[in-house]
Amino acid sequence: MELSKRLKAIADMVEEKTSADIGTDHGYLPIYLIKEKGLERVIACDVNKGPLKKAEENISAYNVGEMIETRLGNGLEKVMPGEAECITISGMGGMLIISILKEGIETVKSASHLILQPQHDIPRVREYIMSIGFKIDKEDMLIDEGKYYTIISAVKGEDTPYNEVELMFGRKLIETKNVYLRQYLEHRAKKLETIALKIKEGGSEDNDRLKDIYEEHRLCKEVAKWL
């Protein structure tokens, strides 16, 4: 089966034999992991009955029901410690991902690999996973249907502390000179210029907001020079 670029990039990072996919939606990632990556078992979780029912239909259509178990529940609440070596969480806001990890911390700490694709608050996600005994071993950035996505892979261990720039843009993305990171930085810098202009044209006295925008703009330009 074919996956979107985003889901394919996530699947490419999975190396274990057992996995739990949180927010599985229609179950495409678990099916791919079984059919194409050779995993032995995947737990597909979703908080909504509708998507989970569709996932069950797709799992049945691909004849992988013996290897994929669907579970209705919020976050990791239905995944017990030790059930999954790898945990994938994608397509959610960063703060929601952090909340899921916090609430399922025992299951998280029993896993050896986290693969996360936050939509927002990516620096906060990087910071949090490193605070619970994981280190970021790789990151990927890509464009899928006109949107930028960052995918974070983290394994057990410690790393040297990240500085502000590394938290914001990703140490691994900078080190590997990810081609999409440069494009994103240019895109983000232009967007920040537009936001700043609108604030000034509107006569806003939000100087703190402007200060933050100018600082982020400066960092975007600085990091782009390194790539």
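This is a short tour of the structure, one selection at a time.

Before you start, note that the model is predicted, so local features are described where pLDDT is at least 70, side-chain atom pairs count at pLDDT 80 or more, and totals for chains, interfaces and linings use all residues. Residues are numbered from 1 along each chain as its sequence is written, and side-chain values use heavy atoms, leaving out hydrogens and water.

**Stop 1: the sheet**

Switch to a cartoon view and find the strands. Helices (H or I, at least four residues) and strands (E, at least two) are DSSP runs, numbered from the N terminus. Here 7 strands make an open, mixed sheet in the order β3-β2-β1-β4-β5-β7-β6; two strands pair if DSSP finds at least two bridges between them. Now select 68–72 and 134–144, which are β3 and β6. Each has a single partner strand and stands at an edge, so one side of each has no neighbour in the sheet. On average, neighbouring strands are turned by 15 degrees against each other, direction ignored. Axes are lines fitted to C-alpha atoms, for helices over the stretch in contact, and angles run from 0 to 180 degrees between N-to-C directions.

Next, select β4 (residues 86–92) and β5 (residues 113–118), which run parallel and are joined by 6 bridges. Which residue of β5 is the bridge partner of I87? Look for L114.

**Stop 2: helices on the sheet**

Add helix α3 (residues 49–61), which packs on the sheet and touches β2 (41–46) and β3. Contact means heavy atoms within 4.5 Å. The direction of α3 makes about 165 degrees with that of β3. Then add helix α4 (residues 94–103): this helix lies across β1 (18–22), β4 and β5, at about 150 degrees to β4.

**Stop 3: the nonpolar cores**

Show side chains for I22, I89, V108 and I129. These have the most contacts inside the largest nonpolar core, which has 30 residues. A nonpolar core is a set of buried Ala, Val, Leu, Ile, Met, Phe, Trp, Tyr and Cys residues joined through side-chain atoms within 4.5 Å. Buried means under 20% relative accessible area, exposed over 50% and partly exposed in between, with a 1.4 Å probe and protein chains only. Centre on I89: not counting residues up to four places away in sequence, I89 touches I22, I97, I100, L101, I115, L116 and Q117. Apart from this core lies another, of 23 residues, including L29, L33, I59 and V64.

**Stop 4: a hairpin**

Return to β6 and select β7 (residues 147–156) with it; the two pair in the antiparallel sense over 10 bridges. They form a hairpin with 2 residues between them. At the turn, E145 has a positive phi of about 50 degrees, and D144 stands opposite K147.

**Stop 5: cysteines**

How many disulfides are there? The count is 0, a disulfide being a pair of cysteine sulfur atoms within 2.5 Å. Select C86 and C45 to see why: the sulfur of C45 is the closest cysteine sulfur to that of C86, yet at 13 Å it is too far for a bond. C86 is buried, at 0% relative accessibility, and C220 is buried too, at 1%.

**Stop 6: R126 and its surroundings**

Is R126 buried or exposed? With a relative accessible area of 1%, R126 is buried. R126 sits in helix α6 (residues 122–131). Leaving aside neighbours within four places in sequence, its contacts include I136, E139, T150, Y162 and E166. Pick E166 next: E166 forms a salt bridge with R171, the closest N and O atoms being 3.0 Å apart, and both residues are buried.

**Stop 7: more salt bridges**

Side chains of opposite charge can pair when their charged atoms come close. A salt bridge is a side-chain nitrogen of Lys or Arg within 4 Å of a carboxyl oxygen of Asp or Glu, and the whole structure has 16. Try these selections:

- K54 and E57, whose closest N and O atoms are 3.9 Å apart; they are 3 residues apart in helix α3, about one helical turn.
- R218 and E222, which meet at 2.9 Å, N to O; they are 4 residues apart in helix α10 (residues 207–226), again about one helical turn. R218 is partly exposed at 41%, as is E222 at 28%.
- R41, E69, R71 and E83, which are linked in a network of salt bridges.
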